[in-house]
Amino acid sequence: MSVSEFARFACRRLSILALLVAIHPEVSRARLPDNDADDLVKLKKLSLEELSRIDVTTPSKEPESAFRSPFAIYVITSEDIHRSGATSIPEALRLAPGVEVERIDSNRWSIGIRGFGTRLTRSVLVLIDGREVYTTLFAGTYWEAQDTDMMDIDHIEVIRGPGGVIWGPNAVDGVINVITKSSKETQGLLVSALGGNMDLGSATIRYGGASGDFDYRVYAKAFADAHDYHSNGNNYDAWRSAQTGFRAEWSDGTRGTFTLQGDGYVEKAGEGAGAVSYTPPYSQNLFGYEYLSGVNILGRWQKAFSEGNDVQVQAYVDRTNHRELNLADYRTTYDVDYLQRIKPDKRDTISFGLGGRVVSIDDPIVVSGLTFTPIHRTDQLYTGFFQDEISLVPERLTLTVGTKLLHTNFAQFEPEPSARLAWTPTRTQTIWSAFTHAVRTPSDAEENFTLSGYVGQTPSGLQAFAAFLPNINFAPEQLNGYELGYRQLIGKTVLADFAGFFNHYHDLFDEELITDTFSESDAPPPLHLLLPAQFRNGLLGHTTGFEIAPEWRPTKFWRLRGSYSYLDLVLQKSPTSGDLGTAPSIEGGSPKHEVMAGSAFDVGGAIQLDFSYRYVSALGGLGIPAYSTADARIAWRLPNHLELSLNGQNLLQAHHVEYVADAGPNVGIDRSVYLRVTWTK
Amino acid sequence: MLLFLLAAALVCDSLPAGFVASSASLEYNVKAAFLLNFTRFVDWPPATFTGSDSPLTICILGDDPFGRAIDQIAEGESTNRHKITVERIRADQPKSCQVLYIPSGKPLPAAFIATPSAVLTVGEGEDFLRQGGIIAFALDNGHVRFDVNLKAASNAGLKLSSKLLSVARSIER
């Protein structure tokens with residue numbers, strides 16, 4: 001549901017009521033102000049709106065928004081991404097505290113926020129420029145299909161914790177918003193190429209032009225990634241991809257701003273997949289390629305009438321073709337959103353919106369043990385929201401209350417209410433707290449899906465299978481989230497950001513045995529035994545944890561960042577649940593401790609040195625040991641608009657395992673070194 | 001790694017006193033950044049520029065409140081391939097300007113009210129708009145904001161983008 005475009009401002013400006021219409025996507029995260037020599041350079045990079053928010057009567061030049069936000073928000077800037085050497089969106093997400101990024105193999109990741117990370121992650125909503133890329137097939141995000149020109153990314157906003165009113169449904173444990181630059185900011189020609197032992201080769205070309213009120217850019221990129229480490233030599237996970245896209249904006253004073261953008265991609269990603277059949281060999285691991293392709297186009301109209309009064313209408317069509325070794329999914333999404341903000345008086349800023357989505361889905365059968373019925377389906381989602389940001393004490397105390405109401409073909413009317421309070425007793429301190437109720441709506445996987453798992457041969461010679469049957473009564477997963485946050489600017493060079501949470505969940509997904517076994521007599525031979533099972537709402541539990549993310553700028557050419565994230569995840573079965581083991585795999589599927597430290601150092605204007613280190617504790621429920629590793633980068637700025645960089649990733653060992661493989665032995669993530677050349681004009 | 005956090009925490013107590021900008025200079029640093037930013041959201045008539053890469057000039061009339069800040073902010077910048085240059089001018093010696101900043105208390109020279117001047121006039125306070133100026137800075141609760149006179153803009157032959165207008169504190173039509 002893409003309340004998205006609105007949403008991104010919401011979180012960027014610290015309160016949900018931020019400007020509906022973007023000036024341009026310059027970032028204002030809670031960052032340290034720079035020392036003065038740099039200030040003018042920094043000032044001129046700020047947007048009009050950010051300039052408007054600088055308090056010129058105090059020494060702090062911090063654009064206040066993110067600093068005063070009542071969300072646990074972290075903004076990854078384009079410079080952060082560039083200096084990290086990340087060549088994909090998932091790798092860039094490692095920069096944010098409280099996000100568990102586990103690479104499964106060369107082309108797959110498990111990305112969770114505050115627990116519950118899995119291959120797709122049901123509870124984190126992901127958007128790219130207002131287009132939701134979370135899918136209701138198995139509920140989650142196929143990260144291998146989410147790409148763009150990394151240099152066009154303006155910033156990535158990561159919200160830890162529920163984002164129910166503005167985002168959602170499915171923004172239960174977090175929201176990831178990828179925002180690309182406006183076409184005004186990507187004028188001229190850019191050519192970039194890289195090559196190394198793992199990133200075998202990648203090339204990107206982008207051109208931006210303008211004519212009067214009209215700005216545009218076009219880009220194309222392609223890459224080839226090597227397979228990672230396989231102890232048995234079955235090197236299936238090589239990855240190839242090509243993508244192209246455009247963005248255009250028309251803007252004039254009376255008619256507002258109209259944006260049109262789109263992308264198209266094709267890729268093949270090596271995979272291992274389990275396949276089960278009622279005929280021999282019953283169960284096998286298949287290795288081959290996952291084929292992904294897609295096209296999307298999005299239009300958006302924004303207009304501001306006066307301060308605090310604006311409107312936005314957005315529509316998009318997104319086609320994805322997804323064929324794996326054991327399943328296929330072809331879906332076309334049509335989405336329309338309307339948002340308006342009004343400021344009736346000095347105290348209140350009221351936002352409201354409506355959204356509708358229809359998804360046309362085809363899931364033809366690839367292997368007999370994994371089917372969706374009916375094969376052709378139509379999913380629907382309708383949402384409305386209302387929110388008031390109330391300035392209780394001007395510039396000091398702000399209360400934001402609101403609710404979303406949603407209806408889908410999987411769920412009746414579900415409310416998602418929220419209240420957030422932000423108190424800024426001084427200009428260098430923010431204390432915030434929030435209560436949010438959020439839901440994860442049922443997906444095709446729970447309500448339309450039949451899956452067979454091979455159990456083994458019984459003493460009587462029958463082959464036994466667990467058969468997961470569709471559960472049309474699967475209910476939305478529910479969260480009540482309680483958050484507390486504190487930010488403090490210490491002197492001019494240290495920023496400390498703390499966020500703590502207690503999340504209480506119920507009606508969580510589990511896998512349950514439901515009745516006695518039976519043999520399926522009307523199925524084609526051979527006769528087999530079925531253990532009927534279902535995805536049900538049998539678990540409840542809670543997470544408790546916190547993230548602390550200090551940042552220190554000892555000098556204007558040196559920046560140090562760190563973060564520590566702690567998570568305690570406890571689940572239990574409801575009295576009626578016949579859970580087959582979901583709870584321990586979720587509990588032990590997220591790291592309890594994560595530590596990150598990074599240094600960005602400039603040697604004069606021409607050389608950049610970057611280092612980062614991370615530690616991730618064991619995933620006990622999945623048998624993955626703790627690991628620590630480090631990245632490093634050195635970049636030279638050369639004459640004639642050239643930049644050359646040498647990047648090393650996962651340097652501390654030849655390879656290490658981060659997550660369980662879908663099929664076969666776990667895959668070791670290899671040490672990677674690559675050289676990149678970028679030329680801009 | 002906890003050591004790192006601990007180290008960061010300890011350092012907090014022993015930080016050197018940072019540079020504290022005087023509020024006057026910060027105000028004008030911010031205004032200088034606004035002036036540069038305005039050039040991104042204004043369309044000048046094509047005839048304004050002699051060539052596709054001729055400079056876009058920000059003129060400051062009379063006493064210059066910016067000091068070197070505006071030169072540093074304009075340095076290396078361009079808008080739609082027009083290099084941004086800064087000139088200090090006197091009312092009796094007009095030059096070719098695309099943006100004209102008139103410091104507080106100075107009247108708007110009549111030449112710039114004539115139509116279409118193709119000059120973005122930026123000044124201080126509400127009176128400036130009444131005189132026919134296009135954009136007026138205002139200090140609002142410690143923040144630099146600006147008001148816009150759309151009629152004056154169209155008289156001057158300039159188009160202001162909606163992005164600019166959406167940030168304006170008020171718009172006169």
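# Spaces, cores and turns in a predicted model

About 340 Å³ of space lies in the second largest cavity of the structure I would like to talk through today. Of the 29 residues that line this second largest cavity, the ones closest to its centre are A:Ala86, A:Thr87, A:Ser88, A:Asp199 and A:Asp225. The elements of chain A that each give two or more residues to this lining are β8 (188-196), β9 (199-211), β10 (214-225), β35 (668-670) and β36 (672-680). If we sort the lining of the second largest cavity by residue type, we find eleven nonpolar, nine polar and nine charged residues.

Before going on, I should say plainly that this is a predicted model, and that we should ask what confidence goes with it. For chain A the average pLDDT is 88, and 92% of the residues score at least 70. Two stretches of chain A need care, however: over residues 1-37 the pLDDT is below 50, although this stretch has 198 contacts in the model beyond near neighbours in sequence, and over residues 57-64 the pLDDT is also below 50, with 28 such contacts. Among the elements of chain A, the lowest mean pLDDT, 28, belongs to helix α1 (residues 4-12), while the highest, 98, belongs to strand β34 (residues 655-657).

Let me return to the empty spaces. Rolling a probe the size of a water molecule over the atoms shows where empty space is left. How many cavities of 30 Å³ or more does the structure hold? There are 14 of them, and the largest contains about 530 Å³ of space. Its lining is made of 37 residues, with A:Glu132, A:Val133, A:Tyr134, A:Thr135 and A:Arg331 closest to the centre. Several strands of chain A give two or more residues to the lining of the largest cavity, including β12 (256-276), β13 (283-306) and β15 (328-342), but β14(A) gives the most, with five residues. By type, the lining of the largest cavity divides into 14 nonpolar, 14 polar and nine charged residues.

Turning from cavities to pockets, the second largest pocket has a volume of about 1,500 Å³. It is lined by 46 residues, and nearest its centre lie A:Arg119, A:Phe138, A:Leu451, A:Glu511 and A:Asp662. Which element gives the largest share of this pocket's lining? That is β12(A), with six residues, and among the other elements giving two or more residues are the helices α6 (444-447) and α7 (582-587) of chain A. The lining of the second largest pocket holds 23 nonpolar, 15 polar and eight charged residues.

Now for chain B, which has six helices and ten strands, and in which buried residues make up 52% of the 173 residues. In soluble globular proteins, nonpolar side chains tend to be buried together. The largest nonpolar core has 50 residues, and those touching the most other members are B:Leu35, B:Phe38, B:Leu120, B:Phe146 and B:Leu160. Helix α2 (residues 23-40) of chain B gives the most to this core, with nine residues. If we leave aside its neighbours within four places in sequence, B:Phe146 is in contact with several residues, including B:Phe34, B:Phe38, B:Ile135 and B:Leu164. Apart from this core lies another, of 28 residues, among them A:Tyr74, A:Ile113, A:Ile176 and A:Trp239.

Finally, I would like to look at some details of the backbone in chain A. The peptide bond from A:Pro280 to A:Pro281 is cis, with omega near 10°, and A:Pro281 is found in the loop between β12 and β13. Another cis peptide bond joins A:Thr373 and A:Pro374, where omega is about -5°, and A:Pro374 has its place in the loop between β17 (370-372) and β18.

In the loop between β3 (108-113) and β4 (124-128) we find A:Arg114, whose phi is near 55°, a positive value in a residue other than glycine. The loop between β3 and β4 also holds A:Phe116, with a positive phi near 70°. Are these residues buried or exposed? A:Arg114 is buried, because its relative accessible area is 3%, and A:Phe116, at 11%, is buried as well.

Note on methods. Residues numbered from 1 in each chain as written. Chains lettered and ligands numbered in written order. Predicted model: local features only at pLDDT ≥ 70, side-chain atom pairs only at ≥ 80, totals over all residues. Heavy atoms only, no water. pLDDT = per-residue confidence, 0-100. Helix = DSSP H or I, 4+ residues; strand = E, 2+ residues; numbered from the N terminus. Contact = heavy atoms within 4.5 Å. 1 Å grid on protein atoms, 1.4 Å probe; cavity = no way out; pocket = protein on both sides within 12 Å on 5 of 7 lines; lining within 4 Å. Points joined across faces, edges and corners; volume = space filled by probe spheres on them. Nonpolar A, V, L, I, M, F, W, Y, C, P; charged D, E, K, R; others polar. Core = buried A, V, L, I, M, F, W, Y, C linked by side-chain atoms within 4.5 Å. Buried < 20%, exposed > 50% of the residue type's maximum accessible area, 1.4 Å probe, protein only.
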